[in-house]
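Biologist: I should like to learn how to read the packing of a helix in a model. May we take one as an example?

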Amino acid sequence: MFEELLEDVAQKNGLREVNTTVKLAAGLGAIILCLLASSYLAPLFIALVLSAAILLLARVDIKTYAELFLVPLWFAFLSAIVIVLISGGEHVYWSWDPLPFLALAITRESINTGFFIFCRVIGGMSALFFIALSTPMTDLFAVMRRCHVPDFVIDLAMIIYRTIFILMDQVRQIYHAQVMRLGYSTWRESITTFAAMCGAAFIASWDEGDDLIRAMDARCYDGKFALLGECRPAGFRSVATLCLFLVAGAAAVYASQGMTLL
Amino acid sequence: MSSIVLEARDVRYRYPRGREAITGISFHVRRGEKIALVGPNGAGKSTLLQMFNGMIRPDSGIMLFDNEEIRYDTRSLRKVRRGVGFLLQNPDRQIIAPTVYQDVAFGPVNLGFDETAVKEAVAVALRQVGLEGFERRPPHQLSGGEKKRVAIAGVLAMDPDVLVFDEPTTGLDPSGSEDLMELLDELNHDGKTIIISTHDVELAYPWADRVILLADGRIIREDVPDVAFGNPVYVRMAHLSVPTLLELSVELEKRGFTIPERKPRSVLDMVHIIEQHTQGSCCHPQPGTITVCNVDEGETGTLASWVKARKGLAVGAMGTRAKQCAATESIPLEFTYGVIDKCILRALRGQDSLILTTGRMVDRVAVRVDAYGKESGNQVTVIFLDPARRSL
């Protein structure tokens with residue numbers, strides 16, 4: 001029930017000390033390139049490069065990464081199959097009309113579209129995972145401030161971030177206490193036990209909120225929250241790598257214009 | 001030095017719809033004192049502590065900080081809370097921010113420091129607790145002892161005069177507790193007044209200047225540790241136990257040993273008492289030496305070879321920075337707490353030892369050894385290691 005969190009992986013990754021803006025630019029740039037691409041090749045290329053960066057530069061465990069990737073991949077795969085079946089085309093390979101309003105067909109065009117969208121999803125996902133696995137939340141707060149997100153939103157986000165972990169810890173303890181006393185042994189039992197856990201967690205978080213206010217008061221809270229600014233300059237190597245990646249990505253987008261699978 | 005910094009005058013407090021938690025308490029704390037508030041669970045320790053920085057307002061009676069009555073408007077409370085740093089029992093409840101830096105900076109930022117002052121305050125506080133390099137770590141990844149240190153740093157960054165710790169050693173392993181008590185000593189040496197609440201008598205007995213025994217919301221006894229813990233009646237009333245050293249000394253006294261006016265507060269004192277009885281026969285004729293090294297001076301990396309060249313030398317480290325230095329130079333440490341006493345004990349057995357320490361604590365070694373020499377008549381030589389001669 002409680003595996004290693006994405007955030008924990010991000011806190012320990014090999015690219016932790018690289019300037020946050022550079023990492024964000026790489027991830028967001030990759031997403032934009034995937035959207036601009038008109039062929040399946042460019043997103044695949046981007047996914048390959050970013051996955052290599054996650055595995056080799058950020059040194060994320062390959063098993064962790066594969067597990068993370070597989071969940072949305074299944075979803076994308078099923079969606080692609082639906083697209084292949086329902087979007088029509090001229091070169092029909094196979095067709096079936098089970099109902100008067102439903103026509104299923106596999107055509108050359110539909111395979112091309114389905115595969116293209118599937119690759120786009122892979123590209124976008126690897127870009128998102130690149131950001132999530134290389135940039136911990138704590139670094140994003142400073143970027144949010146620079147992007148002029150209102151202060152109270154950032155402060156709230158920071159307090160929520162901190163309390164999520166405290167709450168999770170409590171839920172974990174309650175859950176273990178319940179399992180030790182055979183709380184989830186039958187289906188009926190597990191429903192009541194789960195409800196009890198929710199109640200206990202709610203009361204615990206309520207208490208936690210009271211304590212938080214007291215702790216802040218005890219330290220003279222005056223509506224201000226410190227932010228840990230960026231103190232890691234964007235080094236020449238990281239910026240050069242970023243530019244190289246974006247240029248190569250753009251070139252791939254341009255060169256592969258109009259290429260299709262079949 | 002004997003000016004009063006905190007005072008309570010007949011304070012009473014009753015929890016809403018509850019029993020009376022504090023039933024008329026008066027006492028005072030002098031600047032630079034180490035006070036232990038000792039009592040069983042539910043004695044009102046935490047409630048009393050929270051009155052010191054105005055978190056709880058007494059129903060009647062007054063609290064004074066710096067000889068001024070504490071008032072409960074926002075401005076006055078800010079002043080009090082800046083002067084009295086409070087540490088909750090559970091560091092998780094004290095740490096607010098998502099990273100160590102942000103949490104330690106919380107107080108200074110809200111006190112309106114500018115950015116460079118905040119950075120400076122955070123750096124100093126993290127250095128004091130030995131957590132340099134932890135700035136970007138999120139608190140949920142730290143160990144219990146580290147979290148405690150972060151919480152302490154957060155309080156220290158506001159530079160309070162008085163530090164109030166609610167059960168500082170709960171949840172820490174024995175070596176962690178000893179480390180923490182050493183840190184408290186270090187802070188006290190820097191001029192901070194320290195008040196702790198605890199029910200660990202063994203910890204409070206050697207540490208405190210003064211002990212306040214508390215039970216059922218009242219003060220049972222307020223005195224130096226050996227008197228406060230020495231009376232079995234009070235100790236029983238407060239649901240505590242007599243510290244082992246004190247119990248032992250009482251037993252020895254009954255068997256004809258001469259116990260000095262000042263009761264033994266450490267193993268060293270105890271050994272001295274036994275030694276006198278046996279006319280010094282268990283003392284080595286040629287006492288060993290204690291070498292003191294200030295790790296802030298001289299080049300790093302030279303110390304390890306110096307230590308290696310001397311066989312049979314035991315190394316102890318006093319203070320967080322000295323311990324870090326030993327770790328970076330990979331010098332194995334024999335003693336990490338109660339270092340001076342243990343080195344004197346070694347010297348009495350005729351063995352040499354080296355104490356790694358920093359800044360002001362260098363003098364403390366000499367003072368402590370001198371004081372021991374005067375008291376016992378056993379002279380132990382303290383040598384200050386010249387950084388330039390380390391390579392010899």
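Biologist: Against which elements do the buried residues of α4(B) pack?

Modeller: A residue is called buried if 20 or more other C-beta atoms lie within 10 Å of its own, exposed if 12 or fewer, and partly exposed in between, with C-beta atoms placed from the backbone. Helices (H or I, at least four residues) and strands (E, at least two) are DSSP runs, numbered from the N terminus. Here, the buried residues of α4(B) pack against α5 (115-129) and α6 (144-156) of chain B. This is a predicted model, in which local features need pLDDT of at least 70 and side-chain atom pairs count only at pLDDT 80 or more, while totals for chains, interfaces and linings use all residues. Residues are numbered from 1 along each chain as its sequence is written, and chains are lettered from A and ligands numbered from 1 in the order in which they are written.

Biologist: How many residues of helix α4 of chain B are buried?

Modeller: In this helix, residues 100-110, 11 of 11 residues are buried. Among them are Y101(B), F106(B) and P108(B). After α4(B) comes G112(B), with a positive phi near 85°.

Biologist: How many residues of chain B are in contact with chain A?

Modeller: Two residues are in contact if their C-beta atoms, placed from the backbone, lie within 7 Å. By that rule, 30 residues of chain B are in contact with 24 residues of chain A. On the side of chain B that touches chain A, α4(B) gives the most, with seven residues. By class, this side has 14 nonpolar, nine polar and seven charged residues. Ala, Val, Leu, Ile, Met, Phe, Trp, Tyr, Cys and Pro count as nonpolar, Asp, Glu, Lys and Arg as charged, and the others, Gly among them, as polar.

Biologist: Which domains does the assignment give for chain B?

Modeller: Domain bounds come from an automatic or database domain assignment. For chain B it gives domain 1 (4-244) and domain 2 (289-389). Their centres, taken over C-alpha atoms, are separated by 30 Å. The contact takes nine residues from domain 1 of chain B and nine residues from domain 2 of chain B.

Biologist: What radius of gyration does chain B have?

Modeller: The radius of gyration is taken over C-alpha atoms, and the globule rule is 2.2 Å times the number of residues to the power 0.38. With 392 residues, a compact globule would have a value near 21 Å, and the 22 Å of chain B agrees. Buried residues make up 45% of the 392 residues in chain B.
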